[in-house]
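Thanks for coming. I will show the model, then go through its sheets, core, salt bridges and disulfides.

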Amino acid sequence: QPSANAVPFDLHQPRIQQYNATVERELPWKLALRASYLGTRLSGLISGVDLNLLPPSDKPFGTTTGDGVTPCTPGEDCDLSAADIARLPFQELGTYLTTFGNTGRGRSHAMQFEVNRRMSSGFTFNFSYTLLDQKSSAPDTGNSSLGGTVYNQFKPENDFGAEAFVSRHRFVAYGIIEAPFGKGRKFGGDAPAVVDAIAGGWQMSWNLFAKSGFGFTPFWDCGNCDPVFPGNVASDSIDAIGGFANGTTFRPIVTGSPQVRNGDRFFNPDAFSAPPLGADLFDNPNVAKRNLLKGPGAWGANLGLDKSFRLGERFRLRLGAQFNNVFNHPLRPPSGDSSAAWLGTINLAVNPTTQKLQIASLDRNPDFGRFFDSFNQEGIDNRRTIRITLRLTF
């Protein structure tokens, strides 16, 4: 039985409305101050739903060997009975019929503050800070040309919340400082050539960033689903994150304080239990919300040193050293990497008396809440690199 994607003829591009207000003020000492508000409203965001997905219920689905009577063993001999197939909206199709619609919405509010100093006396810099509040009801996805499937397609507004890959706080700065000594500078313009060659003409440049952590959604994958699924939903299109990247995944029940750091672990694995298996798969009030967890922040800095030498009237020699990620600080969290939020694998069993699903085992991910990799961010490498350059201009 084939599964399928269906793209509606009337699907259209989302509508985005942007508006902003800015106040700028010139200050003494070559300084300028800017304060801006930037707002965005998004409507008609594209989200996916599965037309063959059954509303969660306590009524068993696919929990027999196919005869509707004999309890099965998930992952081995489970099959759909005639009564199971009769419950599907599209009985000739398989475990999903995904289609898309302009059902999502979003909005963002950003406050930006910037201090800028124009180049004067060999010194310039720019400091900027952004406070961002960005939310939507559409899945966070980089794995589909259209959009990800919403977790609860029957109540998609339940997922209206903070976006992933978005830092609430972000600071960026850069600048250039020229040493005031050497020919053409404030001091040492008449210094001997040897002294100027050693101490004159130096320039230092730098740029850095610091930002708060992204949001992450905790999830379980299923080791022996199909045709049995938590909630008896008859579909493997469910993705706890909505990005098609994690297979069939489910959100856990929150039983404790999830944001507890312990050593190199940023999330508390003991705060989560298995997902609901019945009618409350989506509606259980303790089911984890989208981007419930906040990952670690990140910061990094680059530094450059340059010196120019004049070789007669026609030649200039420039010696430089660039230190990318000068402090060799790991840049976390990795954008788009959900492995730290993977709780592990659930395995299902069928109760031989009631034919209802139950948890056979929980194979927990020992590295849940840990971030191992460092990723390039904001123009800064994931590890320290040093580059020496020598340039002759004539």
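A definition before the sheets: two strands pair if DSSP finds at least two bridges between them. Helices (H or I, at least four residues) and strands (E, at least two) are DSSP runs, numbered from the N terminus. Residue numbers start from 1 along each chain as its sequence is written. This is a predicted model, where local features need pLDDT of at least 70 and side-chain atom pairs count only at pLDDT 80 or more, while totals for chains, interfaces and linings use all residues; side-chain values use heavy atoms, with hydrogens and water left out.

On confidence, pLDDT is the predictor's own figure for each residue, from 0 to 100. The mean over the protein chain is 90, and 92% of its residues reach 70 or more. Confidence is lowest in helix α2, residues 193-199, with a mean of 66. Strand β12, residues 253-254, has the highest, at 97.

Now the sheets. One open sheet has 4 strands in the order β11-β10-β17-β18, and its pairing is mixed. Which strands stand at the edges? They are β11 (249-250) and β18 (357-364), each with a single partner strand, so one side of each has no neighbour in the sheet. Between β10 and β11 the pairing is antiparallel, over 2 bridges. Within that pairing, Trp220 has Phe250 of β11 as its bridge partner.

Elsewhere, strand β7 (residues 169-178) pairs with strand β8 (residues 202-211) in the antiparallel sense, over 9 bridges. Val172 is bridged to Phe209 in β8. Strand β8 is also joined to strand β15 (residues 298-311) by 10 bridges, again antiparallel. There, Lys211 has Ala298 of β15 as its bridge partner.

Next, the core. By nonpolar core I mean a set of buried Ala, Val, Leu, Ile, Met, Phe, Trp, Tyr and Cys residues joined through side-chain atoms within 4.5 Å. Buried is under 20% relative accessible area, exposed is over 50%, and partly exposed is in between, with a 1.4 Å probe and protein chains only. The largest such core has 34 residues, and those touching the most other members are Tyr151, Phe216, Ile238, Phe250, Phe267, Leu281 and Leu348. Two elements give two or more residues to this core: β10 (219-222) and β17 (342-350). The largest share, 4 residues, is from β17. Phe250, the bridge partner of Trp220, is thus a name we meet again in the core.

Take Leu281 as an example of the packing. Setting aside residues up to four places away in sequence, its contacts (heavy atoms within 4.5 Å) include Tyr151, Ile238 and Phe250. Leu281 also touches Pro56, Pro230, Gly231, Val233, Pro276 and Val287.

On to charges. A salt bridge here is a side-chain nitrogen of Lys or Arg within 4 Å of a carboxyl oxygen of Asp or Glu. How many does the whole structure hold? The search finds 12.

Arg34 and Glu114 form one of them, at 2.8 Å from N to O. Arg34 is in strand β3 (residues 31-50) and Glu114 in strand β4 (residues 97-120), so the pair ties together parts 80 residues apart in sequence. Are these two residues buried or exposed? Both Arg34 and Glu114 are buried.

Glu157 and Arg105 also meet in a salt bridge, at 2.9 Å from N to O. Glu157 sits in the loop between β5 (123-136) and β6 (161-162), and Arg105 in strand β4, 52 residues apart. Glu157 is partly exposed, at 38% relative accessibility, and Arg105 is partly exposed too, at 37%.

A third pair is Arg251 and Asp159, with the closest N and O atoms 2.9 Å apart. Arg251 lies in the loop between β11 and β12, and Asp159 in the loop between β5 and β6, so this salt bridge ties together parts that are 92 residues apart in sequence. Both Arg251 and Asp159 are buried. Salt bridges with shared partners also join Arg170, Lys211 and Glu378 into one network.

Last, the disulfides, meaning pairs of cysteine sulfur atoms within 2.5 Å. The structure holds 2. With bonded cysteines counted along the chain, the pattern is 1-2, 3-4.

Cys72 and Cys78 form a disulfide with sulfur atoms 2.0 Å apart. The torsion about their S-S bond is about 85°, so this disulfide is right-handed. Both Cys72 and Cys78 are buried.

Cys222 and Cys225 form a disulfide, also with sulfur atoms 2.0 Å apart. Their link is right-handed, with 90° about the S-S bond. Both Cys222 and Cys225 are buried.
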